[in-house]
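Visitor: Please take me through one part of this model in close detail. I would like to look at its pockets, and then at whatever surrounds them.

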Amino acid sequence: MAEYSAQIVWQRDSEEAFTDHRYSRGHKWIFDGGMTVPASSSSHIVPLPYSIEANVDPEEAFVASLSSCHLLFFLSVAAKRKFVIEHYEDNAVGKMEKNEDGKVAMTEVTLKPEVIFSGENQPSRDVLETMHHESHEACFIANSVKTEIKIEIIL
């Protein structure tokens with residue numbers, strides 16, 4: 001169907017010995033459209049100063065990917081149903097812990113979408129739940145992972 005790519009670049013600082021594990025985990029994600037994103041390990045996993053707290057870490061990106069995918073399908077579902085969305089915000093949270101195999105994994109991501117509609121056509125709670133369910137079922141990223149994904153609709 002389609003192929004996606006990202007270039008990941010890390011460079012050792014000449015002052016770092018590397019084999020002592022005291023090296024920066026800061027690196028870059030470079031995407032085909034020209035966007036460069038500063039990335040790092042999470043400071044929850046590799047302590048500061050070897051992680052860069054201001055940079056995006058893979059765990060945050062995973063949560064953001066699931067949330068973003070859900071958002072994009074939700075916008076489409078709403079437009080097809082003739083609802084007008086003014087604002088969509090999600091404060092998604094991922095939970096990392098040991099899975100049933102004893103491996104550390106992102107076991108759960110909770111999406112917390114708050115959607116503001118405008119105009120006369122406003123969805124009922126049931127319709128809103130159906131729209132979120134349809135969006136979740138269609139999301140490519142959600143369909144690609146074992147992580148449990150919950151949706152807590154914020155009204």
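**Pockets and their surroundings**

Guide: Start with the second largest pocket. Its lining counts 16 residues, and Ser42, His44, Asp57, Glu59 and Glu60 are the ones nearest its centre. Bear in mind that this is a predicted model. The space inside comes to about 240 Å³. Two elements, H1 and strand E5 (93-98), each give at least two residues to this lining. By residue class, the lining holds 5 nonpolar, 6 polar and 5 charged residues.

Now turn to the largest pocket. Its volume is about 530 Å³. Here the lining has 14 residues, with Tyr4, Ser5, Phe31, Ser65 and Ile141 nearest the centre. Strand E2 (27-31) and helix H1 (58-80) are the elements that contribute two or more residues to it. H1 gives the largest share, 5 residues. The class split is 9 nonpolar, 3 polar and 2 charged.

Ile141, one of the residues nearest the centre of the largest pocket, also belongs to a surface patch. Met1, Phe140 and Ile141 make up this nonpolar patch, and together they expose about 420 Å² of accessible area. Met1 sits in the segment before E1.

Next, follow E2 away from the largest pocket. E2 pairs on one side of the story with strand E1 (residues 6-9): the two run antiparallel and are joined by 4 bridges. Within this pairing, Gln7 faces Ile30 of E2. E2 also pairs with strand E3 (residues 36-39), again antiparallel and through 4 bridges. There, Trp29 is opposite Val37 of E3. The hairpin of E2 and E3 leaves 4 residues between the strands, and Gly34 adopts a positive phi near 105° in it.

Two backbone details deserve a check in the loops. Most residues other than glycine have a negative phi, and most peptide bonds are trans. Phe18 is not a glycine, yet its phi is positive, about 75°. Phe18 lies in the loop between E1 and E2. The peptide bond from Leu48 to Pro49 is cis, with omega near 5°. Pro49 lies in the loop between E3 and H1.

Then look past the end of H1. Side chains of opposite charge can pair when their charged atoms come close. The model has 4 salt bridges. One of them joins Glu134 to Arg81, with 2.7 Å between the closest N and O atoms. This pair ties together distant parts of the chain, 53 residues apart: Glu134 is in helix H2 (residues 125-138), and Arg81 is in the loop between H1 and strand E4 (84-90).

Last, consider enclosed space. Searching the whole structure gives 1 cavity of 30 Å³ or more. The space in this cavity is about 40 Å³. Leu66, His70, Leu111, His136, Cys139, Ala142 and Ile149 line it. That lining is 5 nonpolar and 2 polar, with no charged residue.

To draw the picture together, return to H1. H1 supplies the largest share of the lining of the largest pocket. H1 also supplies at least two residues to the lining of the second largest pocket. E2, for its part, gives two or more residues to the lining of the largest pocket, and E2 is joined to E1 by 4 bridges and to E3 by 4 bridges.

Note on methods
Residues numbered from 1 in each chain as written. Predicted model: local features only at pLDDT ≥ 70, side-chain atom pairs only at ≥ 80, totals over all residues. Heavy atoms only, no water. 1 Å grid on protein atoms, 1.4 Å probe; cavity = no way out; pocket = protein on both sides within 12 Å on 5 of 7 lines; lining within 4 Å. Points joined across faces, edges and corners; volume = space filled by probe spheres on them. Nonpolar A, V, L, I, M, F, W, Y, C, P; charged D, E, K, R; others polar. Pairing = 2+ DSSP bridges. Patch = residues over 30% accessible without salt bridge, like charges linked within 9 Å, V, L, I, M, F, W, Y side chains within 5 Å. Areas by Shrake-Rupley, 256 points an atom, 1.4 Å probe, with all protein chains shown as cover. Salt bridge = Lys/Arg side-chain N within 4 Å of Asp/Glu carboxyl O.
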